[in-house]
Amino acid sequence: TDRCYVGGPHNAPLTEDKGVEDIDPEHASAFSVNLDFGCQTEITGLFKTQLADGIMGMEDASYAFWSQLFKEGKIGSDKQFSLCFSRPLGAERKGTEAGAMTLGGVDPRLHESPMVFATRTNNNGFYNVHVRKIYLRGGVGGESAKSAKPSAKTIYLDVAEKDLNSRKLIVDSGTTDTYFNWVISKAFRAAFKELSG
């Protein structure tokens with residue numbers, strides 16, 4: 001357990017809080033909490049050459065970062081957090097901004113289009129969801145759920161809803177991979193080839 005300050009600069013240690021704006025405009029001590037966490041001291045295998053990516057478990061568990069903050073009354077009265085992703089043009093060892101995390105709700109100032117929600121199908125642990133349909137859209141449509149170019153080609157994958165959900169589907173903020181059930185392979189490959197040439 002250590003004292004964690006939610007806020008302040010990411011490139012300088014928070015050795016003390018003088019109660020002035022040198023640490024955080026909102027005074028980091030107001031958002032401090034005793035936090036249980038683990039530190040990685042050795043890297044082997046898969047992530048050996050990867051830049052630090054800030055992976056942090058956000059599952060619905062008592063030991064999760066956001067859950068510890070909620071229990072301490074630091075992020076409001078709702079058990080909520082939101083993640084807004086962006087795609088930087090490059091990556092640097094000293095750090096690369098790739099989005100924002102809002103604890104306790106959402107920050108509409110970060111939105112370029114309306115939020116997209118999925119109902120959770122379980123009560124704890126990972127965030128299981130039910131998928132009704134999958135579409136692929138041509139790259140000219142942009143990165144947002146709302147297309148930047150309405151004429152961008154979109155292809156519906158003709159796969160039965162029961163097949164899409166034949167195994168548990170989760171939304172996971174801590175992985176760089178997306179796994180699909182093999183049953184969508186044929187439709188996915190055909191749509192991808194049509195869009196990419």
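Let's start with confidence, since this is a predicted model. Strand 1, residues 2-5, is where confidence in the chain is lowest, with a mean of 72. Helix 3, residues 185-196, is where confidence is highest, at 93. For the chain overall, the average pLDDT is 77, and 75% of the residues score at least 70. One stretch to keep in mind is residues 20-25, where the pLDDT is below 50. That stretch still has eleven contacts in the model beyond near neighbours in sequence.

Now, the overall layout. We have three helices and eight strands in the chain. If you walk along the sequence, the order reads β-β-α-β-β-β-β-β-α-β-α. Of the contacts with a separation of 6 or more, 52% are between residues 24 or more positions apart. The chain has 197 residues, and 20% of them are buried. As for the outside, the accessible surface is about 15100 Å², and carbon and sulfur atoms account for 52% of that.

Let's go inside. In soluble globular proteins, nonpolar side chains tend to be buried together. Here, the largest nonpolar core has ten residues: C4, V33, L35, M58, A64, F65, W66, L69, I75 and Y127. Which elements each supply at least two of them? Those are strand 2, residues 32-35, and helix 1, residues 65-71. Helix 1 gives the largest share, with three residues. If you'd like one residue to click on, try I75. Leaving out residues up to four places away in sequence, I75 touches W66, L69, F70, Q80, L103 and G104. There is also a second core, separate from that one, with eight residues, among them I134, I155, L164 and A191.

Back out to the surface, where there is a nonpolar feature too. M56, L83, F85 and M101 form a surface patch, and together they have about 370 Å² of accessible area. Take F85 as our example. F85 sits in strand 3, which covers residues 81-85. Is F85 buried or exposed? F85 counts as exposed, because its relative accessibility is 68% and the cut-off for exposed is over 50%.

On to the charged residues, and the salt bridges in particular. The count for this model is five. My favourite is K153 with E194, where the closest N and O atoms are 2.4 Å apart. Why does this pair tie together separate parts of the chain? K153 is in the loop between strand 6 (135-137) and strand 7 (154-156), while E194 is in helix 3, so the bridge links parts 41 residues apart in sequence. Both partners are partly exposed: K153 has a relative accessibility of 44%, and E194 has 48%.

R109 and D107 make another pair, with 2.7 Å between the closest N and O atoms. Have a look at how the two partners sit. R109 is exposed, at 73% relative accessibility, whereas D107 is buried, at 15%.

Then there is D163 with K162, whose side chains meet at 3.2 Å, N to O. D163 is partly exposed, with a relative accessible area of 25%, and K162 is exposed, at 63%. And finally for this part, D60, K79 and R120 are linked in a network of salt bridges.

Before I stop, two more charged residues to find on the screen. The first one to look for is R87, in the loop between strand 3 and strand 4, the latter being residues 99-103. R87 counts as exposed, with 63% relative accessibility. Which residue lies 56 positions away from R87 along the chain, with its C-alpha atom 8.5 Å from that of R87? That is E143.

The other is K186, which takes us back to helix 3. K186 is exposed as well, with a relative accessible area of 73%. Between K186 and D158 there are 9.6 Å, C-alpha to C-alpha, and the two are 28 residues apart in sequence.

So that's the tour, and I'm happy to go back to any part of it. If you rotate the model yourselves, do remember residues 20-25, where the pLDDT is below 50. Thanks, everyone!

Key:
Residues are numbered from 1 along each chain as its sequence is written. This is a predicted model: local features need pLDDT of at least 70, side-chain atom pairs count only at pLDDT 80 or more; totals for chains, interfaces and linings use all residues. Side-chain values use heavy atoms; hydrogens and water are left out. Patches are made of residues with over 30% relative accessible area and no salt bridge: like charges are joined within 9 Å, nonpolar side chains (Val, Leu, Ile, Met, Phe, Trp, Tyr) within 5 Å. Accessible areas come from the Shrake-Rupley method with a 1.4 Å probe; for residues, only the protein chains shown count as cover. A salt bridge is a side-chain nitrogen of Lys or Arg within 4 Å of a carboxyl oxygen of Asp or Glu. Helices (H or I, at least four residues) and strands (E, at least two) are DSSP runs, numbered from the N terminus. Buried means under 20% relative accessible area, exposed over 50%, partly exposed in between (1.4 Å probe, protein chains only). A nonpolar core is a set of buried Ala, Val, Leu, Ile, Met, Phe, Trp, Tyr and Cys residues joined through side-chain atoms within 4.5 Å. Contact means heavy atoms within 4.5 Å. pLDDT is the predictor's confidence in each residue, from 0 to 100.
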